[in-house]
Structure formats: C-alpha cells, structure tokens
Amino acid sequence: MNLKFDPDRCFSCDSYACLTKCQYLNYDFESAREERIKIAKGEYSKVLEECKTCYSCEEYCPYDNHPFYRIVELQEEYGINLAPKPIAKQLLKMYAPREKDIASITGVGEKALSLCLFPDLKDNVRSKLFEGLPVIMGRQVFCNLVYLHFANMSVIKERAQQTIENVRKYGVEELVCFHDECYGFFNSYAKAYGLEVPFKTVHLYEYLYNWLKEHEDSIRKLNVKVAYQRNCSNRLSPETDRVLDDIFELIGVERVEREYDRENGICCGAVFKMWGEDEFADEIQKKNVDDMAKSGARFAVFNCPMCYVALAERSAKAGLMPILVSDLCRLAVGEMPRLPGRG
Amino acid sequence: MVYEELKAIVGEEYVSKEPEELHIYSSDPGTMPATEPDYVVMPKTTEEVQKIVVVANKHKIPIVPMGGALALSGLVRPLKGGIVMDMKRMDSILEVNEKARYAVIEAGVTEGMLKAYLERNYPNLRLSTPDAPPIATVTANALIHGSGRLSQMYGFHSEMVTGMEVVLPTGEICRVGSCSISPYWFSRSPLPDLAGLFIGWFGRTGIVTKLGIKLFPKHRYRDVMIFVTENPSYVSDVIWRVAHTEMAEDITVWAQPRPEWAEGFQHTTIYITADSEEELKFKERIIRNALRDYIKQKEGGFLYLTPGMKATFLQEPMSQLVRFADVRKGGGFEYVGAILPVDLFDKAYRKGLEIVEKLGVDWAFSVRIIGRSHCMMFAYAYPFNRADDEDVEKARKALHETNLAVLEMGGIPWKAEEPAQQLILERMDEGAKILMKRVMDLLDPHGIMNPGNWEVK
C-alpha cells in the first residue's frame with residue numbers, strides 16, 4: 001500500500017499553501033519552500049516535529065497531493081513521538097479489532113449508519129431522522145484515522161483493508177457515516193492508498209440534508225445563530241462543509257462568521273491533551289470558545305463527538321449551548337434530544 | 001444452656017443456633033476454609049455486649065466480634081467455635097461534632113450509613129471510606145488498620161480514631177481517649193494511648209462498642225487524573241513527586257491484564273479536590289508540572305478521560321471493583337494487602353507478576369498510597385470460583401506465595417489470614433511477641449476472645 005504522492009507536484013508548486021496557510025506553523029514563502037522540498041524528497045524537516053496534525057494541509061493543497069499523509073508517514077519513519085509512548089501504545093491496544101467482534105458480524109441490510117466507536121451516541125440517533133437505518137459500530141468498523149495524530153500510519157495501513165472488509169460483511173451497499181473521520185477514511189484515505197471500497201458511503205450532512213428536504217413540511221425554523229466547530233477530519237471532505245450550510249438554511253440557522261471557522265478552523269484541543277501539551281490545549285480552546293462567544297451565537301455546534309467532549313463544558317460556561325449537528329436538526333423537527341452520553 | 005442465657009439477654013429474635021444461619025457466619029468470600037460457630041448473637045447495647053461476655057467467661061466459650069465480615073481473610077471465622085457476635089444492630093450515629101470534625105458511632109454503623117448521613121446533614125464533612133462495599137463497618141475497618149480515600153493525606157483509618165468504648169474480655173466497660181475524662185471525643189492525645197491495646201488485634205483484646213472517628217473537610221469540586229507509564233521502575237518516583245506537591249487528596253496505582261488495553265501499563269490515579277474551579281485547575285497544573293520530565297521524555301502521560309470515564313473513576317466506592325472481584329464467577333475474592341515502603345513498588349510489582357505467571361491465576365494489582373508516601377498498601381488481588389476446588393487451591397497458593405514474598409521484601413501482610421499471621425509471628429522480634437502474649441493473657445485470662453488469631457506459641 002503506497003501513498004499516491006507525487007514529489008514533482010511539490011517541486012513545481014508555486015503556493016506552498018500546505019505550510020503558508022497552516023493555522024499553527026508560521027512559515028514565510030521562502031522557508032515554506034525549503035521545508036516542503038525536504039518533505040517531498042523524504043528528508044527530515046523540522047515541520048515533522050512542529051506539525052500539530054490538524055489535517056488542514058490536505059484541504060489547502062491545490063493538487064490533492066496528500067501533504068498531510070506524507071508528513072505522517074515521515075514522522076513515523078523518523079521515529080518522532082508526538083505523544084508520550086505509553087499513551088500512544090495504550091491507544092493502539094484500546095481500539096484494536098477483536099476476533100470476537102469480527103465473528104459477530106451479520107447482515108444488516110443494504111443501508112446502515114456507522115457510529116464508529118461512539119456508543120454514547122446511540123440515544124442521539126433514536127430519532128425519526130434515522131428511522132429504519134440499522135446502526136453498526138465497534139472496533140471492527142473503526143477507521144483508525146485517529147492514529148494520524150500519533151505518527152502511526154503503519155497501523156492504519158495494517159488495519160485498513162480489514163475495516164473495509166468488515167463493513168462489506170454487514171452486506172451494506174450504502175453506509176451513512178456519522179463521523180467525518182469514517183467518511184474521510186473511505187473517501188480520502190482509501191483513494192490516497194489505492195484501496196477499493198465496494199460500497200457507497202454517504203456523509204452525515206448529505207444524509208441529513210436529503211432527509212430534511214424530503215420532510216421540509218415538518219421543519220420548524222429555529223431562527224437561531226450558531227457557532228460551528230469544524231473538526232479536523234472534515235478537512236478530508238471539504239465539499240461537505242457546504243452541505244452543512246444548506247442544512248442550516250433549511251432549518252433556519254445562521255452560521256455566524258467568526259475567525260476560527262471554515263478554512264481557518266482550529267482544533268478542539270483533545271489531541272494536545274493526549275500529547276501532554278495541556279497549556280497549549282487550553283490556549284487553543286480558549287481562543288476558539290472566546291471567538292464563538294463574541295460572535296453572538298446561541299449554540300456551539302459540533303459534529304465530531306470528540307470535539308463535543310473537549311469543548312462542551314467550556315462553551316456552556318461561556319454562555320453557549322453545546323449541541324451536535326444532528327441534534328440541532330432534531331430540534332427543528334420537534335424532537336428533544338438529550339445530551340450525548342447522558343442517556 | 002448457653003443459648004437460653006443468650007436468649008434472655010437479647011431476645012429470641014436475635015440469637016440463633018440454626019445450622020443454616022450458622023453456615024452463613026462460617027466463612028467470608030476468601031479462601032479460608034469454613035469454621036462454624038455454635039451460636040450467633042446480635043446485641044443492641046453495650047450492656048448486652050457486657051452480659052454476653054460474662055456468659056462466655058462463665059462457660060469459657062469463645063466470642064468473635066464481627067462487623068461487615070468483609071475482611072476476606074477469614075478474620076471473623078470462629079476458629080475454635082463459640083459465639084459470633086454480629087454488631088450490626090448497634091447502628092446509631094451518636095454524635096457529629098461539626099466544628100471539631102469527629103463523629104461518635106456505634107460499632108455496627110456502616111461506611112454507607114455514615115457517608116449518607118453526612119451527605120444529608122453535614123455536607124461540608126466527609127469520612128475516609130475504603131474501596132469496600134458500603135456495608136463494611138467503620139469501626140471494624142479502623143480496628144484492622146484499614147485505609148481509604150483520605151489515607152494519602154491523613155494515614156491509616158486507625159490513625160483517625162479519636163477514642164473508643166470497649167467491653168474488656170472480662171466484662172468491664174472502659175473508655176479510652178479524651179472521652180475517658182471529657183464529654184468530647186476529640187483526641188487520643190495527650191493521655192497514655194490505650195487505643196493501641198485494641199487496634200490491629202483482630203478482636204483478641206476486647207469488643208469495641210463505640211468509636212470516635214475523625215471527619216474531614218468535604219470540598220465542592222473533585223477531579224481525577226490518571227498518569228500512565230509502561231515501566232514499573234518509574235512508579236515510586238511518580239508517587240513521590242505527586243505526594244510532594246501536597247495537592248493530591250488520594251493516590252492509587254492499578255495494573256491489571258483486563259481490559260486488554262490496560263495490560264503492561266501502570267496507572268497512577270490522582271484525585272484532587274477544591275472549593276473553586278480556579279483552585280482545582282491550580283492543583284492540576286502543579287501536579288502536571290511535577291511530572292513534566294516524564295511527559296517531555298515521552299515516558300509517561302495523562303490518559304484522556306471523557307466525562308463518562310471520569311464519572312466511573314469518581315464513584316465512591318467504585319462499582320467496577322465489585323465487577324472485577326467476581327470476574328471468575330462463583331463469588332471468590334481475596335487479596336494480600338501488603339504494607340510496604342513506596343520505593344519497593346518496582347520489586348513488588350515484578351514479584352507479583354512472577355507469581356501470577358507461575359501459577360496462572362487471574363490477578364489485579366491495586367495500590368493505595370498512605371500518608372504522603374510514608375508507605376503503601378499494595379493489594380495483590382486474586383479472584384476465584386468458590387465452586388471450583390482447583391481454582392480455590394490455586395488462589396490459596398498464590399496468596400501464600402505472595403505473603404512469603406512480601407515478608408521477604410520487608411513488608412507486612414495486612415489483615416493477614418491465620419496462616420499468614422503465623423508467618424508474621426515467625427519473623428517477629430521475640431520481645432514483641434512476649435509483649436503481645438502478655439497483653440492478651442492479662443486482658444483475656446480465659447482466652448475467650450477470637451482465639452486462634454495472633455496465637456503466640
């Protein structure tokens with residue numbers, strides 16, 4: 001499994017957007033060019049140690065040359081430990097697929113909803129929005145892209161084919177991915193590594209938009225302003241961010257303009273805490289939530305459950321109501337969602 | 001005859017010689033073989049306890065005082081028959097002195113009762129609870145040198161005892177501590193410390209009927225942090241550093257093979273409390289700074305805890321422990337609680353692994369730091385299926401080998417089962433043994449109090 005990465009595209013690039021647009025690194029055009037060339041050649045670059053693994057360069061690259069995947073591969077090659085070793089190793093064990101989970105796979109029908117590894121979301125999808133859609137979740141369908149934050153591309157590669165095969169065993173022809181990361185795995189990662197995905201995948205936003213459009217009569221416009229936390233893995237499918245705007249329009253929600261949204265989105269900070277960079281995590285979280293609070297939004301809206309966990313309390317204390325995108329849609333169709341993980 | 005006399009003291013409802021009831025009192029969930037009492041009696045007052053002791057002396061039959069019977073090492077099995085005195089009816093909380101922060105309770109008051117009572121009536125006070133089921137009694141736990149949630153800061157629960165009322169083996173009632181001369185049960189000092197005559201003796205020297213126990217401030221905020229390492233030789237230093245900050249209310253360490261992600265790692269769990277969020281954050285930051293070297297060198301880091309995980313670790317007591325105790329099914333569970341210096345963590349950990357690998361038993365290691373790392377209670381826990389003799393025997397072997405290893409390392413098995421008591425006595429200073437024997441002979445001339453335990457030969 002080799003990454004479809006063409007060094008020549010980097011050599012001939014005249015933007016170096018991967019580094020000059022980065023939310024965390026501060027490179028001018030000249031120094032970005034130097035480091036980018038090192039990375040393209042597979043040489044050591046200080047970027048490998050400075051990278052905060054926010055995925056953004058995957059979106060910034062004008063040539064779809066997968067700069068982020070390339071960086072992660074080189075981080076691993078040069079033995080860079082982003083997180084404390086026991087934390088990274090424990091995480092690897094925590095989500096490894098188990099024989100018993102694979103053995104328990106049975107057909108669920110043509111369409112299913114993947115909740116990835118978030119069992120706490122079960123209550124949040126008990127809704128007419130997801131009626132008739134069987135739920136699959138667990139380590140056997142876990143995309144493993146979280147290890148991009150831990151310089152561990154080899155384990156993702158090692159488990160990728162089996163993950164695709166496991167979903168196929170469910171007999172699914174169309175898989176709705178609740179989490180951006182799963183969708184990114186099947187649509188960005190799999191393509192970047194030449195893996196065939198024998199079923200169709202649908203991003204949650206696309207699914208929600210279609211459902212709401214079909215049931216437009218049942219929508220009660222919410223007429224509220226929301227601040228949206230764009231998560232890292234949405235960078236793997238930037239086109240879906242525009243679908244979210246369409247959803248918001250349908251349900252009468254204004255996505256406030258703020259500094260850290262869309263292309264300028266910043267991390268939720270959870271990964272930095274895992275790395276032991278708590279002060280940096282706090283700084284980023286504060287910047288993000290302060291920005292949300294001053295935007296005049298009433299809700300802080302998340303799609304990634306991890307972002308929700310990392311920022312819900314802080315945003316609530318700042319006077320915003322934290323909520324998942326799908327729960328916001330439920331409000332618009334007259335349902336009263338509960339907090340994730342609280343039954 | 002004895003039955004009739006006991007009946008006359010407590011009433012027919014509270015005495016039994018029925019085999020099915022005697023059977024219940026013959027063992028605990030540990031590996032020690034069952035030994036049945038002849039009678040079970042449940043007194044309600046100190047005076048009834050006194051009268052029962054007089055009867056036992058008259059007939060020269062043993063008495064075994066019993067709290068929750070949760071020591072797991074068979075300490076309240078009547079090794080020589082006689083009367084098991086179940087203290088659960090003496091369950092009154094007699095006094096809480098809010099300003100002096102102590103409670104006076106009867107011997108049958110459970111951890112759960114006192115905790116709930118304080119939560120309802122004195123929300124600013126708490127007691128140090130052990131990680132035992134809430135039906136464990138406060139008095140028995142203190143008398144066996146138990147430890148718990150506040151032991152990192154304030155030591156063993158026995159050190160939290162402020163006074164006691166005791167029925168001596170010869171029937172006299174006496175009070176020790178400040179309550180011997182004052183209406184207040186505030187302290188054992190500055191008098192001669194007679195409480196030591198009744199703590200750690202497993203009921204050999206008398207029956208404690210009332211206890212004064214220290215209470216502590218309860219703070220509004222509570223949080224938990226878990227520091228993960230993969231090298232046991234780091235752990236004693238991690239503990240030392242955290243204890244040095246004086247910011248941690250409780251420090252425990254756990255290592256176990258299940259769930260599979262936990263195997264091979266040591267988890268130092270640090271509990272912090274505060275009265276404001278700022279204070280809590282401040283304490284967290286100080287603790288993180290204390291461990292910064294490990295994080296920088298990538299040798300250790302804090303586990304990311306979701307709200308659900310935090311809620312699990314913040315439970316008091318933790319319900320997951322009960323689940324582990326029954327992992328083999330069949331309700332068997334026992335551990336060697338080794339009291340050891342903290343710097344022996346690495347050795348103790350490796351020795352434990354050697355034993356479990358050799359014997360192929362299920363296991364979990366769980367450590368509580370006592371008194372700012374003055375020492376630790378290193379629990380080598382072995383669950384087993386009581387319905388499977390082979391499984392019981394394997395656990396018994398593991399416990400025995402662990403007891404030997406602990407003594408070899410210079411530690412002492414806590415609340416040791418009777419065979420382990422003998423291992424301790426074999427190694428004990430001769431003078432100390434003579435003194436122990438003299439104390440027991442002097443206080444209990446007929447040898448009626450829980451005989452078979454601490455038997456100095």
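I started with helix α16(A), whose buried residues are Val325(A), Ser326(A), Asp327(A), Leu328(A), Cys329(A), Arg330(A) and Ala332(A). My cut-off for "buried" is 20 or more other C-beta atoms within 10 Å of the residue's own, with 12 or fewer counting as exposed, the range in between as partly exposed, and C-beta atoms placed from the backbone. Before going on, a note to self: this is a predicted model, where local features need pLDDT of at least 70, side-chain atom pairs count only at pLDDT 80 or more, and totals for chains, interfaces and linings use all residues. Residues are numbered from 1 along each chain as its sequence is written, while chains are lettered from A and ligands numbered from 1 in the order in which they are written.

**Entry: more on α16(A)**

I asked how enclosed α16(A), residues 325–332, is. Seven of its eight residues are buried, so the helix is largely enclosed by the rest of the structure. Helices here are DSSP runs of H or I with at least four residues, strands are runs of E with at least two, and both are numbered from the N terminus. I then looked for what covers the buried residues of α16(A), and found α11 (204–214), α12 (239–251), β6 (253–255), β7 (299–302) and β8 (321–324) of chain A among the elements doing so. Just past the helix, Gly334(A) has a positive phi of about 85 degrees.

**Entry: domains of chain A**

The division of chain A is domain 1 (7–77), domain 2 (85–204) and domain 3 (208–332); such bounds come from an automatic or database domain assignment. I get 28 Å between the C-alpha centres of domain 1 and domain 2 of chain A. Eight residues of domain 1 of chain A touch eight of domain 2 of chain A, where contact means C-beta atoms, placed from the backbone, within 7 Å. On the domain 1 side, helix α6 (residues 67–77) of chain A gives the most, with five residues. That side splits into two nonpolar, three polar and three charged residues. For the classes, Ala, Val, Leu, Ile, Met, Phe, Trp, Tyr, Cys and Pro are nonpolar, Asp, Glu, Lys and Arg are charged, and the others, Gly among them, are polar.

**Entry: chain B overall**

I count 15 helices and 19 strands in chain B. Its radius of gyration is 22 Å, close to the 23 Å of the globule rule for 457 residues, so chain B is as compact as a globular protein of that length. The radius is taken over C-alpha atoms, and the rule is 2.2 Å times the number of residues to the power 0.38. The C-alpha trace spans about 70 × 55 × 45 Å along the principal axes, and 46% of the 457 residues are buried. Of the contacts between residues at least 6 apart in the sequence of chain B, 69% join residues at least 24 apart.

Chain B has domain 1 (2–88), domain 2 (90–217) and domain 3 (221–413). The centres of domain 2 and domain 3 of chain B are 26 Å apart, and their contact takes 13 residues from domain 2 and 15 from domain 3.

**Entry: the sheet in chain B**

Which strand order does the open sheet of eight strands have? I read β15-β12-β14-β13-β17-β18-β16-β19 (chain B), with antiparallel pairing; strands pair if DSSP finds at least two bridges between them. The edge strands are β15 and β19 (412–414) of chain B. The average twist is 25 degrees from one strand to the next.

I lingered on β18(B), where 10 of the 11 residues are buried, so the strand is largely enclosed by the rest of the structure. Strand β16 (residues 331–340) of chain B joins β18 (residues 375–385) through 10 bridges, running antiparallel. In that pairing, Glu334(B) is matched with Tyr382(B) and Tyr335(B) with Ala381(B). Strand β17 (residues 364–370) of chain B is antiparallel to β18(B) too, with seven bridges, and Ser366(B) has Ala379(B) as its bridge partner. β17(B) and β18(B) form a hairpin with four residues between them, and Gly371(B) in the turn has a positive phi of about 60 degrees.

Helix α13 (residues 389–409) of chain B lies across β16, β18 and β19 of chain B, at about 5 degrees to β16(B). Axes are lines fitted to C-alpha atoms, for helices over the stretch in contact, with angles from 0 to 180 degrees between N-to-C directions.

**Entry: where the chains meet**

The contact takes 18 residues from chain B and 18 residues from chain A. On the chain B side, β15(B) gives the most, with three residues.

Key. Contact = placed C-beta atoms within 7 Å.
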